[in-house]
Amino acid sequence: MELNLALVSGRLAVPPDLEYLPDGSQRARLLVCVRSERRRRFDVLPVTVPAEIHSQALSMATGGTKVWVAGQLMRRCSPNPWEPPGRIELIAVALRFPDLEDTRKPIR
């Protein structure tokens with residue numbers, strides 16, 4: 001059995017970058033800061049929030065806001081041959097901001 005599922009709990013490094021799509025919906029890109037295995041090191045993970053799970057809390061979130069993300073890992077490759085071969089990002093399937101909303105509601 002193969003499974004591609006990642007659960008991340010961290011804080012936003014910067015406010016969400018909201019992008020309007022041609023159909024009027026919004027997609028968001030987040031940079032989530034997580035503590036790594038080493039105590040004094042933090043890693044920043046790029047997260048894409050598709051329009052299907054876009055929430056109002058995204059517009060209220062700022063840098064430092066706590067976030068929980070569940071999703072699938074994907075490697076993004078650049079068409080530019082001079083850039084690094086690719087980076088890993090998380091494509092969100094569920095998203096919660098525990099500081100901004102009631103976390104007792106079920107996750108979509």
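1. Gln 26 is found in strand β3. This is a residue of a predicted model, and the points below should be read on that basis. Gln 26 counts as buried because its relative accessible area is 15%, under the 20% limit for that class. The side chain of Gln 26 makes a polar contact of 2.7 Å with the side chain of Tyr 20. Leaving aside residues up to four places away in sequence, Gln 26 touches Leu 18, Glu 19 and Tyr 20, and also Pro 50, Ala 51 and His 54. Tyr 20 is thus named both as a polar partner of Gln 26 and in its list of contacts.

2. Strand β3 covers residues 26-35 and also holds Arg 29. Arg 29 is partly exposed, with a relative accessible area of 29%. A salt bridge joins Arg 29 to Glu 89, with the closest N and O atoms 3.4 Å apart. This pair links distant parts of the chain, since Glu 89 is in strand β6 and the two residues are 60 apart in sequence.

3. What is the environment of Glu 89, buried or exposed? At a relative accessible area of 1%, Glu 89 is buried. The side chain of Glu 89 also meets that of Arg 87 in a salt bridge, at 3.8 Å from N to O. Arg 87 is partly exposed, with a relative accessible area of 43%. Through shared partners, the salt bridges join Arg 29, Arg 87 and Glu 89 into one network. The acidic member, Glu 89, is therefore a buried residue, whereas Arg 29 is partly exposed at 29% and Arg 87 is partly exposed at 43%.

4. A search of the whole structure finds five salt bridges. One of them is formed by Asp 99 and Arg 11, whose closest N and O atoms are 3.8 Å apart. Asp 99 lies in the segment after β6 (87-96) and Arg 11 in strand β1, so the pair ties together parts that are 88 residues apart in sequence. Arg 11 counts as partly exposed, at 41% relative accessibility.

5. Both partners of that salt bridge recur in the surroundings of Thr 65, which touches Arg 11 and Asp 99 among other residues. The further contacts of Thr 65 are Gly 10, Leu 12, Phe 97 and Leu 100, again without residues up to four places away in sequence. Thr 65 is placed in the loop between α1 (57-60) and β5 (66-76). Although it is a loop residue, Thr 65 counts as buried because its relative accessibility is 9%. A polar atom of the Thr 65 side chain lies 2.8 Å from the backbone oxygen of Thr 62.

6. The strand pairing may be followed from β1 onward. β1 and β5 pair in the antiparallel sense over six bridges, and within this pairing the bridge partner of Ser 9 in β5 is Trp 68. β5 and β6 also run antiparallel and are joined by nine bridges. In β6, Ala 92 is the bridge partner of Gly 71, and Leu 95 is the bridge partner of Val 69.

7. Strand β6 has a further neighbour in β4. Two bridges join β4 to β6, and these strands run parallel; Val 47 stands opposite Leu 90 in β6. How many of the 10 residues of β6 are buried? Seven are, so β6 is largely enclosed by the rest of the structure. Glu 89, in strand β6, is buried at 1%.

8. A nonpolar patch on the surface is formed by Met 1, Leu 3, Leu 5 and Leu 7, with about 590 Å² of accessible area together. Of these residues, Leu 7 is found in strand β1 (residues 6-12). Leu 7 is exposed because its relative accessible area is 68%, over the 50% limit. Strand β1 thus holds the exposed Leu 7 and also the salt-bridged Arg 11.

9. Arg 39 is placed in the loop between β3 and β4 (42-49). Arg 39 is exposed, with a relative accessible area of 77%. The C-alpha atoms of Arg 39 and Leu 18 are separated by 32 Å, the two residues being 21 apart along the chain. Leu 18 is also one of the contacts of Gln 26, the residue with which this note began.

Notes:
Residues are numbered from 1 along each chain as its sequence is written. This is a predicted model: local features need pLDDT of at least 70, side-chain atom pairs count only at pLDDT 80 or more; totals for chains, interfaces and linings use all residues. Side-chain values use heavy atoms; hydrogens and water are left out. Helices (H or I, at least four residues) and strands (E, at least two) are DSSP runs, numbered from the N terminus. Buried means under 20% relative accessible area, exposed over 50%, partly exposed in between (1.4 Å probe, protein chains only). A polar contact is a pair of N or O atoms within 3.5 Å; within protein, one must be able to donate a hydrogen and the other to accept it, and residues adjacent in sequence count only if both atoms are side-chain atoms. Contact means heavy atoms within 4.5 Å. Patches are made of residues with over 30% relative accessible area and no salt bridge: like charges are joined within 9 Å, nonpolar side chains (Val, Leu, Ile, Met, Phe, Trp, Tyr) within 5 Å. Accessible areas come from the Shrake-Rupley method with a 1.4 Å probe; for residues, only the protein chains shown count as cover. A salt bridge is a side-chain nitrogen of Lys or Arg within 4 Å of a carboxyl oxygen of Asp or Glu. Two strands pair if DSSP finds at least two bridges between them.
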